[in-house]
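I opened this entry to record what I looked up in the model, beginning with charges placed over rings. Aromatic pairs, one helix and the chain totals follow.

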Amino acid sequence: MKTDRKDRIRRAKAARNAHKPRRLPQQAASPAPEGPRTPFHPGMDIPILLETPRFLILDKPAGLAVHPGPSTQDSVETRLLPHPRGGPWLAHRLDADTSGCLLVARRKTALIEAQKAFQERQVRKLYWAIVVGDLPQDSGEIDAPLLRQSDASGWRMVVDAKGDEARTRWRVLGRGEGLCWVELELLTGRTHQARIHCAELGTPILGDPVYGTSAPDDSALPGLHLLARSLELSRPSDTLSAQAPPPEFMAASLRAMGFESEAQS
């Protein structure tokens, strides 16, 4: 009797268990897919020309300052997301009105390396400018020291023998009616160097409100026609090279002198 009772209980349990849902082996929850990471605050992106773990080369828009100032808080610095361990840091600077290649260090060691490279003139910087006037030669070099001069109305750079050494190598890439498309290689890195050296040659940069003039036909073309075209830096840890496209207001003038718009990837 006891054996029959045990068999009935065993069969009843088996029947109940047959209708229970089987438990699947537990698996670790899959992490939610991450969105693309960005070095900028939301909605404040700047085009990136080159990105490595230690550096960024940005395509700074014309009109955006690199540092915040009394008149504006919007700048490259304020758009960059801060890192918990410090940085990122600007490795050099561009005038607010100049567009193009701007180097940013993402690590303190990278900043120190880049600053040393700039100081030792191991960085190759090429600029494009549209200048007003006609250069009689196709290439040349200007050596004109620059000194900062201040007065009640503000400050500007002037050519002065007491100033800091400033040398710029230049060559003509194209010519138009009353305009030249010029490549500038800054052999030194002085404030406003490209702008004042072009003016010193008798061909100021188109759209320059300080050292320049308007277009030959007095039309109002927007913006300073100066582009930090390319930047090359070679260090034991990194080899960096980037090229910035001209802003559209400048490209329109360049096309009249033979420039073919570059395909965007």
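I first looked for charged groups over aromatic rings. In this predicted model, the charged end of R148 lies over the ring of W155, at 3.9 Å from the ring centre. I noted a second case: R229 places its charged end over the ring of W128, again with 3.9 Å to the centre.

W128 led me to the aromatic pairs. I describe each pair by the distance between ring centres and the angle between ring planes. How many aromatic pairs does the rule give? I recorded 3. For W128 and F259, the centres are 5.7 Å apart and the planes stand at 80°, so I entered the pair as edge-to-face. I then checked where the two residues sit in the chain. W128 belongs to strand 5 (residues 123–132), while F259 is in the segment after helix 5 (248–255). The pair thus links distant parts of the chain, 131 residues apart. Are W128 and F259 buried or exposed? I found both of them buried.

F259 also pairs with W181. I read 5.9 Å from centre to centre and 90° between the planes, an edge-to-face arrangement. Because W181 lies in strand 10 (residues 179–186) and F259 in the segment after helix 5, this pair ties together parts 78 residues apart in sequence. W181 is buried, as is F259. I therefore listed W128, W181 and F259 together, since the two pairs that are edge-to-face join them in one aromatic cluster.

I turned next to helix 5, which precedes the segment holding F259. Which residues of helix 5 are buried? I listed M250, A251, S253 and L254. Viewed down the helix axis, the buried residues of helix 5 fall within an arc of 160°, so I noted that they line one face of the helix. The background I kept in mind is that an α-helix has 3.6 residues a turn, so residues three or four places apart point the same way. I then asked what the buried residues of helix 5 pack against. The partners are strand 5, strand 10 and strand 11 (226–234). Strand 5 holds W128, and strand 10 holds W181.

I closed with the totals. The chain has 5 helices and 12 strands. Of its 265 residues, 39% are buried. Among contacts with a separation of 6 or more, 60% are between residues 24 or more positions apart. I entered an accessible surface of about 16000 Å², with 50% of it belonging to carbon and sulfur atoms.

Definitions and conventions: Residues are numbered from 1 along each chain as its sequence is written. This is a predicted model: local features need pLDDT of at least 70, side-chain atom pairs count only at pLDDT 80 or more; totals for chains, interfaces and linings use all residues. Side-chain values use heavy atoms; hydrogens and water are left out. Helices (H or I, at least four residues) and strands (E, at least two) are DSSP runs, numbered from the N terminus. Buried means under 20% relative accessible area, exposed over 50%, partly exposed in between (1.4 Å probe, protein chains only). Contact means heavy atoms within 4.5 Å. Accessible areas come from the Shrake-Rupley method with a 1.4 Å probe; for residues, only the protein chains shown count as cover. Rings of Phe, Tyr and Trp (its six-membered ring) pair if their centres lie within 6.5 Å; planes under 30 degrees apart count as stacked, over 60 as edge-to-face and the rest as tilted. A charge sits over a ring if NZ of Lys or CZ of Arg is within 6 Å of the ring centre and within 35 degrees of the ring normal. The arc is that of the directions from the helix axis to the C-beta atoms.
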